[in-house]
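Thanks for asking me to look this over with you. Here are my notes, one topic at a time, to read alongside the picture.

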Amino acid sequence: MACSVALAALPHEMFHRLGTAPHQMMRKKAPPPAEHGVLLSDFDWIGDLGSGGFARVSKVRHRRSGAVFALKVSRNADPGTEGDEETEVLRRAAGSPHVVACHAQLRGAAGEPPACVLEFMDAGCLRSVLRRRRAGRRETGAAIPEPALAEVAAHCAAGLAQLHSLGVAHLDVKPENFLASSNGEIKIADFNTSRILYAGAGAGERPLAVPITDGTSCYFSPERFARGARAGPSGTMAADVWGLGVTVLELFLGRFVVSPKLSDAEMELAICHGRPLRVPDEAEASAELRDFVAACLQREPARRATVPQLLAHPFLARRNIEASRRALREIIVETL
């Protein structure tokens with residue numbers, strides 16, 4: 001597969017894009033990437049990172065610079081397609097500090113699938129962090145303690161805020177789609193089911209009603225189980241908030257909140273009509289954490305907190321930032 005690569009930055013420039021606030025990036029168009037004539041053959045395979053129905057992801061090294069990346073090769077996208085939704089999301093999100101960076105779009109020849117050269121996060125996804133923690137702490141508990149959890153939640157909410165400010169709903173918010181690094185960063189990734197929420201440009205933009213039935217059903221909010229369900233910007237963002245609530249609750253408990261092994265009917269019954277999802281009464285949890293999770297997991301979309309409200313919530317806004325960051329880094333490092 002001899003693909004040419006459109007690099008968004010030279011290797012030594014790739015890690016200097018942070019610092020833009022979400023409100024400064026509202027549907028702002030990123031400049032088109034410069035062509036550098038880099039080929040897929042310029043990367044050496046190191047190992048597999050994971051695969052799913054949409055793509056295969058590998059760890060690779062750029063031979064000339066020595067820089068390490070994650071290479072995502074699509075399975076289902078039409079070969080040669082450059083205007084798909086995920087490509088547009090990655091383009092819009094360029095420079096967002098809590099969104100995994102796309103450094104190159106690989107456009108293959110006829111019959112070859114598209115691929116992306118992505119930022120490599122050395123600690124893997126939050127599910128992997130939790131799994132490794134569980135393996136190493138069988139008797140002392142695998143859950144993420146509150147100080148570190150508050151930092152995780154703050155990073156996750158910031159990533160959603162950046163996407164939403166760009167007119168994007170993620171629609172597959174779960175621990176597998178938040179990636180961690182050994183320096184304590186958490187970034188949102190995997191935009192296969194993401195949707196652009198506005199049509200047109202500038203003053204002509206108009207809100208769209210997009211499908212919300214794709215994704216991982218054990219993280220679905222109740223309204224997503226309706227046949228053919230669609231939602232506009234506020235509804236899709238509310239669906240992301242529900243996924244964030246389930247993610248935070250799972251990390252706190254150290255286990256799935258809703259079993260992915262349930263049938264579709266059982267899943268719908270549990271989420272839409274079962275006991276409300278919340279921090280268990282018997283759990284040792286602060287009032288702030290309980291209220292944060294409850295604010296995310298309101299069954300009525302209109303009653304759920306918005307992402308800006310979550311960023312201002314005491315569980316995040318009043319955390320000891322230095323202590324929380326240190327606690328998160330320690331947990332990540334101990335699991336590597």
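1. Let's begin with Asp190, which sits in the loop between E11 and E12. This is a predicted model, and in it the phi of Asp190 is near 65°, a positive value in a residue other than glycine. That is worth a second look because most residues other than glycine have a negative phi. Is Asp190 buried or partly exposed? With a relative accessible area of 29%, Asp190 counts as partly exposed, because the partly exposed class lies between 20% and 50%.

2. The loop that holds Asp190 also holds Thr193: it lies between strand E11 (186-188) and strand E12 (195-196). Thr193 has a relative accessible area of 7%, so it is buried. Which residues does Thr193 touch, leaving aside those up to four places away in sequence? They are Phe54, His170, Leu171, Asp172, Asp214 and Gly215. One link is worth finding on your screen: the side chain of Thr193 reaches the backbone oxygen of His170 at 3.5 Å.

3. Leu171, one of the residues that Thr193 touches, deserves a point of its own. You will find Leu171 in the loop between strand E9 (168-169) and E10. Leu171 has a positive phi of about 70°, although it is not a glycine. Its relative accessible area is 2%, so Leu171 is buried.

4. Now for a sheet that includes E11. It is an open sheet of 3 strands in the order E8-E10-E11, with antiparallel pairing. Which strands form its edges? They are strand E8 (124-125) and E11, each of which pairs on one side only. Between strand E10 (residues 178-180) and E11 there are 3 bridges, and these two strands run antiparallel. To see the pairing for yourself, look for Phe178, which stands opposite Ile188 in E11. As background, strands of a sheet pair through backbone hydrogen bonds, either parallel or antiparallel.

5. Earlier in the chain, three strands are linked by pairing. Strand E3 (residues 43-51) and strand E4 (residues 55-62) run antiparallel and are joined by 7 bridges. In this pair, Ser51 has Arg56 of E4 as its bridge partner. E4 is also joined to strand E5 (residues 68-74) by 7 bridges, and here too the strands run antiparallel. Ala55 stands opposite Ser74 in E5. How many residues lie between E4 and E5 in their hairpin? There are 5, and Gly66 in the turn has a positive phi of about 80°.

6. Please spend some time on Lys72, which is found in strand E5. In UniProt, an unreviewed entry carries the annotation "binding site" for Lys72; such annotations may be inferred rather than shown by experiment. In the model, Lys72 is buried, with a relative accessible area of 7%. Which side chain does the side chain of Lys72 join in a polar contact of 2.7 Å? The partner is Glu86. Beyond the residues up to four places away in sequence, Lys72 touches several others, including Ala55, Arg56 and Val57. Asp190, from my opening point, is also among the residues that Lys72 touches, and so is Cys116.

7. That brings us to the cysteines. How many disulfides does a search of the whole structure find? The result is 0. Cys116 is in no disulfide, and the nearest cysteine sulfur, that of Cys102, is 4.3 Å away. A disulfide would need the two sulfur atoms within 2.5 Å, which is why this pair does not count. Cys116 has 9% relative accessibility, so it is buried. Cys272 is buried too, with a relative accessible area of 15%.

8. Finally, step back to the whole chain. Its secondary structure comes to 9 helices and 16 strands. Of the 336 residues in the chain, 49% are buried. The chain exposes about 15700 Å², and carbon and sulfur atoms supply 52% of that area. What share of contacts between residues at least 6 apart in sequence joins residues at least 24 apart? For this chain the share is 67%.

How values were computed:
Residues numbered from 1 in each chain as written. Heavy atoms only, no water. Pairing = 2+ DSSP bridges. Helix = DSSP H or I, 4+ residues; strand = E, 2+ residues; numbered from the N terminus. Buried < 20%, exposed > 50% of the residue type's maximum accessible area, 1.4 Å probe, protein only. Polar contact = N/O pair within 3.5 Å; in protein donor to acceptor, adjacent residues only side chain to side chain. Contact = heavy atoms within 4.5 Å. Areas by Shrake-Rupley, 256 points an atom, 1.4 Å probe, with all protein chains shown as cover.
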